[in-house]
Every structure is written in C-alpha cells, then in structure tokens.
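User: Please take a close look at one chain here, and at how its parts meet. Give the cut-off behind each term as you go.

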Amino acid sequence: MSHKVIVPIGPYHPLQDEPEFFQLYVEGEKVVDIDIIIGYNHRGIEKLSESKHFDQVAFLVERICGICSSSHPYAFVLAVEDILGGEKSVVPERALYIRTIIDELQRIHSHLLWLGLAGHFIGYNTVWMWAWKYREPILDMFEMITGNRNNYAMYKVGGVRRDMLEEDKPILEKALDELLPALDLFRGAVMDDPVIKARLKGVGILTKQQAIDWCVVGPTARASGINIDVRRDEPYGVSDRLNWNVIVEKDGDIFAKTVVRILELYESVSIIRQCLDDMPGGPIDSDVKDIPPGEGIGRVEAPRGECFHYIKSDGTNRPVRHKIRAPSYMNVASNKVAAVGQTISDATITLAAVDPCYCCTERVAVINKPDNKKILNGWDLIRLSQEKTNKVKEDLLNAGPG
Amino acid sequence: MEIKERIKEGLSNKIVSWDEKSGRRIYFSVKKEDIRDTVKFLFKELGLRFSIATGIDTPSGFEILYHFSFDELGIFYSVRVLIEDKKHPQIDSIAPIFPGAEWIEREIWEMLGINFVGHPNLKRLLLAEDWPQGDYPLRSENES
C-alpha cells in the first residue's frame, strides 16, 4: 500500500550558512533513502589560495565559514608551520596561549549556536532564546580581544597578529563566570528533562561501526563512542599543558550528541581560565620571512570536528597546492545512514544534529505523484518536529509520575 | 608491535619509498595498482581513520595523497600514489571499501579529471551542472 514519496529539503534559506539540498525518499512517514546534494556554495577557495601569498591565505580561509573562523586559519598556519618544523618551534609562548583562547571561545559560541537551533527544531524556543542570549557576551569578548565579532584576523604564520591586553583579562574572566550558571541551566534543562529525553533518545542513531565507515569526526564521532579529539591526539597551542577531558558518549543518538556538546562547553571554559592563569608575557610573533619548499599538514579540532589543511610549497611566497577539508564534509555524508529509518518529523533534527550550519529549510516540496505537487515551506518541517515534541510531552503527562 | 612496524611489515611488498618528515608526519608511496589493497589493509586491518585525500597536478603526473590518521598516537600517514598517464588518468576507487571515501573521489574526479574505477556513484559533487565537460579547475593549465 505504501508508495515512495520524495521530500526535497533546501537548498537555500537565509538562516542557513551553507546551502545544502536533502532529498528525502519517504514511504508513509518513514524515510527510506536520502540524496545529499552540495556544491551550491562552492567558491573555489583551494584554487584561489594558489594565487595568494602566505600572509593573505590566512584571511582567505577565515572566510570559508563564519562560525569556524578560527579553525580554518589556525589549521592553515599549522600546516605552514609543519613545513617550518612544527608550531612549537616557531611560535612564541604567549602566542600559543592566545591561539588556544581564541580557539576555545569559538567552540563556546559555536556550540551555543547549535544548542539554540536544536532547541528551536524540537519546539523548545526558550532554549533557543537563552542559548543565543548567552552567546552574545562571547561575541563581545571576541570584539574586545580581536576587534571583530567574526573573522578574527588573529592568526599568522609564526604567531598572532594582535596581543591580548592585560586589562581585558578580568573582563573575559567575568564573562566566563557569568556563562557558567547559564551552562548549568542548559545542562539541567536538557539532561534532566523527561520530554527531551523521550524526544531525542534513540533518534537519528549513528552506530559506532557506521561512524567508522563514514569517517565522521568531532562531536558526531564522540557521541558514537569514538574517542578522538585532535586537541589531545595531536596537541596544538597549549592544549597538552592543561587539564581537561574529552567527552565521549556511547549511544550515537541525538541526545548523546547534545550531551557531548553541552559538556564540552564546560571544558572550553575551563581551558580558557587555565590559559588566563598561565599565560606568560613576551613576544607574540616570530616574524617568519620565508617558507621553504616542502609539504605540511595542519589539523585543528573545530567545533564540528577535525579541520584539515594541506599545504605544498615550492619555496615561493605562494602555495602550490592547498587542500582544505572541513569537518562537515565527513559528517554531513553520514546522514545517508543516520536519517534513513527515521520519520519525517525526526528528519529536521537528525540532519541538524551533525551541526552542519544547517538549520531550517525553505522550498520544500512533498511530491506524491508527478502531477500532484504540494509545496510546503521549511517551517512546516519544523512544525512537524515540534508537534512530535508536544505529543511526547502529552503522552508523558498522561502516563503520570513514575 | 608498533603501528609503524605493522604497516611496514604488512605492506612490505608494496611500499616503494618511505619518508618520515617528523614523528607525526609519515609519507610513503605505493604503486597505483596497489592502492586498493593498501587502503584495505590500513583501514580494515589496522583501523586507521581515513581523513581525506588530496589530488595534486604535478609535472610528472597526477599525485593523490590518501591521508590516514592513527589517532591513538596522533600520527598522520599519507599514502602517495603517482598516476603518470596524464591523458587518461585513472585509478581504482577505494569507495567500495568504505563509504566515507565516496565524496572525495567524486570531488577529485570533477576537479582533476581522474577516473576512479569501480566507484559506486561517480557524479559531480561541487561543480555546477552547467560547468563545461572536460574542464578541470584544479589542473595546472588553469591559471589561478
């Protein structure tokens, strides 16, 4: 009796950082297959990079993503410094600490952004408003330290571009102090809420074996029981001198992905505090002049996972080849297995759970037959998702306590 | 046994050259005919994580670097393959071994024009549908 229905999601929406196009094949309520079409936003940055000199490339790759605008330039300078003999051999001590602080601030604002969107998708608009409210002061910290709320322009080969002022330190400490109660609030609101548990547990599962086969990275991998984190596995900045934990969960569902990100927020706060305590004085740049011929690889744990840059230099002031691989490249592809078998009402949150900068979608058409085309918009998908949450809530209420 | 020794032993008849740029960066090259066996050994037997592949247009041919990460020790192994035939470049696809390699092979195919034999779904990934056939943006004859 069931026949296949195609539900296209995307590719464009003003709230989306990257246009992506998901075509869901649906039988009844169940997603049976998915086509992922990307490339709408391809800007040829790898090729463009070959025409820029090494100082300019950092600014170029910063613009790959507005959320990860620390990870890409950081991975790029690490790749170049790999040719020069490694980050620690060329970058002054103080700059290492500043790099780590910027990198962790980025993780905080990115995870809060995701948390807000995830809350919105399942109908918890209060979580959405709160998360974005508490994200704002973090962006203010970026503005204070780097001069920019986004695209921080901090990284250069051999150091950082801008020193952190002593008088900024107490302001940053105060901002972190004020963030912690908010994080407690989220932890309580998400991890102890029976409705969220019922809504997200067992949804969008990526098993450990699937995570290995699809080579996923970051929180998506860690939520499926894969214990990887570039900050620990191949330390950069000062991540090997500080006390912090890699958060790993086993279940692979959306609840596990949420828990991983919320607990990582605490670790990031702790890392920044330790950096502020330990940061020495001194120069922030070693003034690297020439890049010798060779090839180097830079890896950074971006909020979404391992960010990879490969640089081949022939001794001139421009890279011969610059390969970039953002973490979402591996994570988004895994929706092919994570979203299949789910209901349509779970599709939005499942596709969003890998945090591909993908949020609500527009131009959604539910196609039943070639001559019977019904156009829904992205809000309808979110509405389906939110209605399911309400249903879960009612069921729990009717079941009564215990 | 240390991971490095296991790789050297398991691939002893395939490794053409071995280059340790640092303790964390090891590059070794194999013949292009051996790529599928090599990748199968690294991924399935040793459990290395496939990070990505890099296609490079060099004067002597197309080079592909398959980057594998051994996360337990933070060592990055890059397998280097040279495809000398620039007119009709082709190599065995590794996507049948694990699906995580599907996208990057599609990308290298459209950007450099290297044919991946046995790929389950070799079609464009990033380039627009109306991008001219046979024009490969990452080839060196295209000015950057």
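Analyst: **A close look at chain A**

The mean pLDDT of chain A is 86, and 90% of the residues score at least 70; pLDDT is the predictor's confidence in each residue, from 0 to 100. This is a predicted model, in which local features need pLDDT of at least 70 and side-chain atom pairs count only at pLDDT 80 or more, while totals for chains, interfaces and linings use all residues. Residues are numbered from 1 along each chain as its sequence is written, and chains are lettered from A and ligands numbered from 1 in the order in which they are written.

Residues 358–373 of chain A stay under a pLDDT of 50. For this stretch the model has 46 contacts beyond four places in sequence, a contact being two residues whose C-beta atoms, placed from the backbone, lie within 7 Å.

Next, a helix pair. Helix H5 (residues 93–121) and helix H6 (residues 125–146) of chain A have axes that come within 8 Å and cross at roughly 160°. Helices are DSSP runs of H or I with at least four residues, strands are runs of E with at least two, and both are numbered from the N terminus. Axes are lines fitted to C-alpha atoms, for helices over the stretch in contact, with angles from 0 to 180 degrees between N-to-C directions. The crossing angle therefore makes H5(A) roughly antiparallel to H6(A), the word for angles over 145 degrees. Their crossing is left-handed, that is, the near helix is turned anticlockwise from the far one by less than a right angle.

On the H5(A) side the contact includes Leu105(A), His109(A) and Leu112(A); on the H6(A) side it includes Trp128(A), Arg135(A) and Phe142(A). By class, this contact has 15 nonpolar, 6 polar and 1 charged residues. Nonpolar covers Ala, Val, Leu, Ile, Met, Phe, Trp, Tyr, Cys and Pro, charged covers Asp, Glu, Lys and Arg, and the others, Gly among them, are polar.

Two loop residues deserve a look at their backbone. Cys215(A), in the loop between helix H9 (208–213) and helix H10 (218–222), is not a glycine but has a positive phi near 55°. Cys215(A) is buried, because 26 other C-beta atoms lie within 10 Å; buried needs 20 or more, exposed 12 or fewer, and partly exposed lies in between. Asp287(A), also not a glycine, has a positive phi of about 55°. Asp287(A) sits in the loop between helix H12 (254–278) and strand S6 (294–302) and is exposed, with 10 other C-beta atoms within 10 Å.

How values were computed:
Parallel < 35°, antiparallel > 145°, perpendicular 65-115°, else oblique.
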